[in-house]
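Thanks for making the time this morning. I would like to walk you through one structure, so please have the sequence and the view open while I talk.

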Amino acid sequence: MKYLIFLLVLVVSSSSFGQTVADLQQSTLELIQTFDEDLKAQAMLSFEDSMRTEWTNLPLGLAPRAGARFGDFSDESKVKFHRLLTTMFSSQGYLKTFAILQLDDILHEIFEIGYQKGEVPENTIKMIRGLNWDYGNYFFAVWGDPAKDDIWGLKFEGHHLSINLSVAGDSYAMTPLFVGSDPGEVEVTQYAGLRPLSKEEDYGFWLINLLSEEQKAKAVLSRDVPGDILTAPGSEQRLNEYQGIQASDLDEGQEKILHYIIEEFIGNLEHQNAETYLARLHATPKDQIYFAWIGKFEPRNPHYYSIHTPDFIIEYDNVGFLNNGNHIHAIWREKGNDFGVDILAKHRMDHEHE
């Protein structure tokens, strides 16, 4: 009897705290129910709205957003929003998201301190203030109606964060997923030392410095460090070709570090979701996994890396406006399924004769 009770508790716990479309739907609806009519009208948008499949990491002052402003959420709404985040992400991904939100206010403080010290000119501080990066200046949009639609989605986006969920029937996708950190490492204020994307940086340096000169000749691309990830919005560059060193050319220890990097990105997702993607990764032949590096091999110098497989693209870029290797942009994408393109096509095909 005790064994049956244990199994029942396990099943109930898994269904309540895992990540299924039903879990995502419930968390999203519980958040929407806390909105007043005005905020709900701002947040609830058509699934066909062109903004659904657009994204940007620019601050609000340079790129207005669709949806409801996070700073206008009530305390009750903020609690439900954090519940939604913990449904979508692992604790790792949730805490990174929260740190990135906080970092905008820290960045403001850093510039204001510089201005008070006379290190930031008057015209610069006016420009910075006009960019409107702020903890509250992130926007939440729901595409379609999760209460009744089989196809719906959501976006939470602002400076250095773009979270995109697409749902089709019992399937969902969370790509593209963009995260950024400016600064990559905070140097002043009570938050000095904070590094929201520390492992993305550290593991990259760990791997490139483990490579032999012969391996580096394959991995390192002879070009300038790009000013941003190549697959950024508006960029004419894309990762259409496989470049760099193949995982099959790495020894066991080097391959392990490569997997650490990949798992750091995929591990931001809720565990059940992440395990599905990691299973696909482990089934991928080693000669189809590529790691490429551009730039210096030491921190605080501009550098970039990409990991490219038949299924995924990971990009990490650390240059910044000061060219000091302390401003990170990073993205994880599931190829062919950005904004749920693949699952939406399959869902529509499966239901076209109903």
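Let me begin with a question: is L210 buried, partly exposed or exposed? Before I answer, please keep in mind that what you are looking at is a predicted model. The answer is that L210 is partly exposed, because its relative accessible area is 38%, which falls between the 20% and 50% cut-offs. L210 belongs to helix α7, residues 198-210, and together with W206 and Y260 it makes a nonpolar surface patch of about 270 Å².

From the surface, let me turn to strand β12, which covers residues 328-334. Here 7 of the 7 residues are buried, so the strand is largely enclosed by the rest of the structure. In a regular strand the side chains alternate between the two faces of the sheet. In β12 both faces are covered, with I328, A330, W332 and E334 buried on one side, and H329, I331 and R333 buried on the other.

As for the strands that pair with β12, strand β7, residues 177-181, does so in the antiparallel sense over 5 bridges, and strand β11, residues 312-318, also does so in the antiparallel sense, over 7 bridges. If you would like a residue to follow on screen, take H329, which is the bridge partner of G180 and also the bridge partner of D317.

Now to the aromatic rings, where the count comes to 27 aromatic pairs. One of them is formed by Y138 and F156, which are stacked at 5.8 Å centre to centre with 20 degrees between the planes. Y138 lies in the loop between α6 and β3, whereas F156 lies in strand β4, residues 151-158, so the pair ties together parts that are 18 residues apart in sequence. Y138 is buried, with a relative accessible area of 0%, and F156 is buried as well, at 1%.

A further stacked pair is that of Y305 and Y316, and it counts as stacked because the ring centres are 4.7 Å apart and the planes stand at 10 degrees. This pair links Y305 in strand β10 with Y316 in strand β11, 11 residues apart. Y305 is buried at 0% relative accessibility, and the value for Y316 is likewise 0%, so Y316 counts as buried.

Ring pairs also link F35, F70, F73, F81, F98, Y135, Y138, F140 and F156 into a cluster. Over the ring of F70, a member of that cluster, sits the charged end of K78, 5.9 Å from the ring centre. In another such contact, the charged end of R129 sits over the ring of Y115, 5.3 Å from its centre.

Finally, a few words on the backbone. Most residues other than glycine have a negative phi, and most peptide bonds are trans. Here, a cis peptide bond joins T175 and P176, with omega about 5 degrees, and P176 is placed in the loop between β6 and β7. A cis bond also joins D182 and P183, with omega about 0 degrees, and P183 lies in the loop between β7 and α7.

On the phi side, H160, which is not a glycine, has a positive value of about 70 degrees. H160 lies in the loop between β4 and β5 and counts as buried, at 3% relative accessibility. N323 also has a positive phi, near 55 degrees, and is found in the loop between β11 and β12, which brings us back to the strand discussed earlier.

Notes
Residues numbered from 1 in each chain as written. Predicted model: local features only at pLDDT ≥ 70, side-chain atom pairs only at ≥ 80, totals over all residues. Heavy atoms only, no water. Buried < 20%, exposed > 50% of the residue type's maximum accessible area, 1.4 Å probe, protein only. Helix = DSSP H or I, 4+ residues; strand = E, 2+ residues; numbered from the N terminus. Pairing = 2+ DSSP bridges. Phe/Tyr/Trp six-rings, centres within 6.5 Å; stacked < 30°, edge-to-face > 60°. Lys NZ or Arg CZ within 6 Å of the ring centre and 35° of its normal. Patch = residues over 30% accessible without salt bridge, like charges linked within 9 Å, V, L, I, M, F, W, Y side chains within 5 Å. Areas by Shrake-Rupley, 256 points an atom, 1.4 Å probe, with all protein chains shown as cover. Salt bridge = Lys/Arg side-chain N within 4 Å of Asp/Glu carboxyl O.
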